[in-house]
Amino acid sequence: MTNKNLFKRIVLIVLGILSFQLIFSQENYISGYVIKNNSDTVHGLIDYRNWSYNPNTINFKKNMKDDPVSFSPNDIKEFKVGKEIYVSGTIKSEISSSQTNQLSYEFSIKTKDHKTFVKTLIRGNKSLYYFKNIDEKENFYIKQDTSFELLIYKKFLTTKNSKDLITENKRFIGQLAIYLADCKTIQTQLKNTTYSEKSLMRLFEYYYKCSSVDMSFKKEIEKIKIKFGVFTGISRTTLIFKGDAISDYLAAGYEPSINLCYGLSVDLNMPKDARKWSIKNEIIYSSFLVKGNYLDYQNENQYSTTKTEIGYTFLKMNNLVRYKYPVGPFLLFFNAGLANGFVINETNYKIKETKFYTTNHLDEGEAIPFTRNHELSYILGTGLYFKRFSLEYRFEKGNGISNTTKISSKTNRNYLLLGFRF
């Protein structure tokens with residue numbers, strides 16, 4: 001089996017594994033509990049979907065062997081999965097657009113009723129809740145007895161001196177002043193409070209310190225998580241020459257080069273959207289070497305043989321955007337980005353032996369007349385995480401090593417990479 005066919009077979013196997021997992025492993029059950037309407041607490045496993053919006057149903061199992069049971073806000077009072085708590089309730093959400101080009105001149109809010117699961121941000125004698133609707137409008141709530149009270153905020157337009165100005169209905173400040181009134185200094189904090197999760201949670205934390213009462217639950221404020229890693233694998237590089245000034249020995253083509261590669265990575269996992277998005281930065285050692293043997297034969301007394309070696313070693317800086325999605329015990333990921341390859345070693349050699357009847361002539365020199373010391377590439381890739389390990393197939397296309405417009409030297413690279421995250 002040739003190296004080319006072996007590499008293709010490996011890539012097909014990897015893609016087959018990815019497709020199988022994507023089709024048959026669309027679940028992500030982790031530990032949690034549900035509280036039924038009769039106040040019974042049932043522990044088990046909940047299919048955690050990294051919800052961008054508040055869920056309206058969840059799937060629950062007592063153990064992995066059971067069939068899933070679907071619960072709606074009508075079926076249960078509360079559930080906890082991972083580090084998140086959701087409670088069922090009937091709420092009103094503000095639905096006016098907050099996009100600058102869609103603002104209206106109306107001061108009053110527009111609401112829509114929902115029976116849904118509301119995310120708990122702070123729980124105690126004073127609680128704070130969160131709901132995000134399908135229009136990506138964020139709403140915050142306080143609890144009055146058993147009812148959820150919407151904290152009111154809206155952007156709208158006013159006209160002054162014939163100019164439209166963006167104004168804010170910040171009624172939530174007054175609502176919170178009354179709700180947290182047993183903290184005598186809460187007004188000093190309300191002046192700088194904005195209608196955002198981080199700011200409102202900071203206000204409630206101040207309240208609990210002020211009132212010397214312990215909160216029973218606080219949602220963790222997510223920050224960028226940094227993960228370091230190492231990886232190694234094989235690369236298959238194909239060098240393609242084209243152009244008006246291309247020599248015959250370059251146009252004849254080269255067999256792909258298969259080489260080892262290895263590197264270091266730093267992942268910046270974004271807090272939004274349950275850390276599905278990350279920025280991956282890599283330093284990778286990569287190389288290729290191709291050899292050619294071109295025969296220009298006229299007759300037995302007149303022919304030439306050109307032997308070439310073209311090879312480069314790069315230290316590459318890769319910058320990727322990666323999206324992750326849970327599939328059973330795995331995380332399926334896709335990434336795209338750019339690679340900046342800096343040449344640290346070059347092989348660019350040609351020897352031409354010409355026979356003309358009884359005369360032999362040797363000519364040595366460079367296989368490519370003008371080369372660059374920097375290659376720019378784009379990258380596409382997909383793979384799987386399993387715990388701390390990753391397996392990835394990656395495609396990279398670069399502008400090559402020729403530094404003249406008359407000769408194009410595009411490079412196509414395929415990688416199979418095995419990684420480990422600390």
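A residue counts as buried when its relative accessible area is under 20%, as exposed when over 50%, and as partly exposed in between. The exercises below apply to a predicted model.

**Exercise 1. Classify both partners of the salt bridge between glutamate 282 and arginine 394 as buried or exposed, and place them in the chain.**

Step 1. The two side chains meet at 2.9 Å, N to O, inside the 4 Å limit for a salt bridge.

Step 2. Arginine 394 has a relative accessible area of 1%, so this residue is buried. Glutamate 282, at 4%, is buried as well.

Step 3. The salt bridge of step 1 joins glutamate 282 and arginine 394, with the glutamate in strand S16 and the arginine in strand S21, 112 residues apart, so that distant parts of the chain are linked.

**Exercise 2. Find which glutamates pair with arginine 413, and state how far apart the partners are in sequence.**

Step 1. Glutamate 375 is one partner, with its closest N and O atoms 3.1 Å from those of arginine 413. This pair connects strand S20 (residues 374–386) to strand S22 across 38 residues.

Step 2. Glutamate 396 also forms a salt bridge with arginine 413, again with 3.1 Å between the closest N and O atoms. Since glutamate 396 lies in strand S21 and arginine 413 in strand S22, the pair ties together parts that are 17 residues apart in sequence.

Step 3. Relative accessibility is 0% for glutamate 375, 0% for arginine 413 and 1% for glutamate 396. Each of these values is under 20%, so glutamate 375, arginine 413 and glutamate 396 are buried.

Step 4. The salt bridge between glutamate 396 and arginine 413 is one of 15 in the count. Elsewhere, shared partners join Glu282, Arg322, Glu392 and Arg394 into one network.

**Exercise 3. Describe the cavities of 30 Å³ or more and their linings.**

Step 1. A search of the whole structure gives two such cavities. The largest has a volume of about 120 Å³. Its lining has 16 residues, and Val230, Phe231, Lys280, Ser390 and Gly419 are the closest to the centre.

Step 2. S14, S16, S21 and S22 each give two or more residues to this lining; S22 gives the most, with five. The lining of the largest cavity divides into six nonpolar, four polar and six charged residues.

Step 3. The second largest cavity holds about 40 Å³ of space. Its lining includes Glu94, Lys137, Glu138 and Asn139, and divides into six nonpolar residues, one polar and three charged.

**Exercise 4. Identify the residues of the nonpolar surface patch and the strand that gives the most to it.**

Step 1. The patch consists of Ile224, Ile226, Phe228, Val230, Leu264 and Phe422, with about 610 Å² of accessible area together.

Step 2. Strand S14 (residues 225–242) gives the most, with three residues. Leucine 264 belongs to strand S15 (residues 257–269); its relative accessible area is 53%, so leucine 264 is exposed.

**Exercise 5. Locate serine 162 and tyrosine 357, and state the phi of each.**

Step 1. Most residues other than glycine have a negative phi. Serine 162 has a positive phi of about 65 degrees, and tyrosine 357 one of about 60 degrees.

Step 2. Serine 162 sits in the loop between strands S11 and S12, and tyrosine 357 in the loop between strands S18 and S19.

Step 3. At 74% relative accessibility serine 162 is exposed, whereas tyrosine 357, at 45%, is partly exposed.

How values were computed
Residues numbered from 1 in each chain as written. Predicted model: local features only at pLDDT ≥ 70, side-chain atom pairs only at ≥ 80, totals over all residues. Heavy atoms only, no water. Patch = residues over 30% accessible without salt bridge, like charges linked within 9 Å, V, L, I, M, F, W, Y side chains within 5 Å. Areas by Shrake-Rupley, 256 points an atom, 1.4 Å probe, with all protein chains shown as cover. Helix = DSSP H or I, 4+ residues; strand = E, 2+ residues; numbered from the N terminus. Buried < 20%, exposed > 50% of the residue type's maximum accessible area, 1.4 Å probe, protein only. 1 Å grid on protein atoms, 1.4 Å probe; cavity = no way out; pocket = protein on both sides within 12 Å on 5 of 7 lines; lining within 4 Å. Points joined across faces, edges and corners; volume = space filled by probe spheres on them. Nonpolar A, V, L, I, M, F, W, Y, C, P; charged D, E, K, R; others polar.
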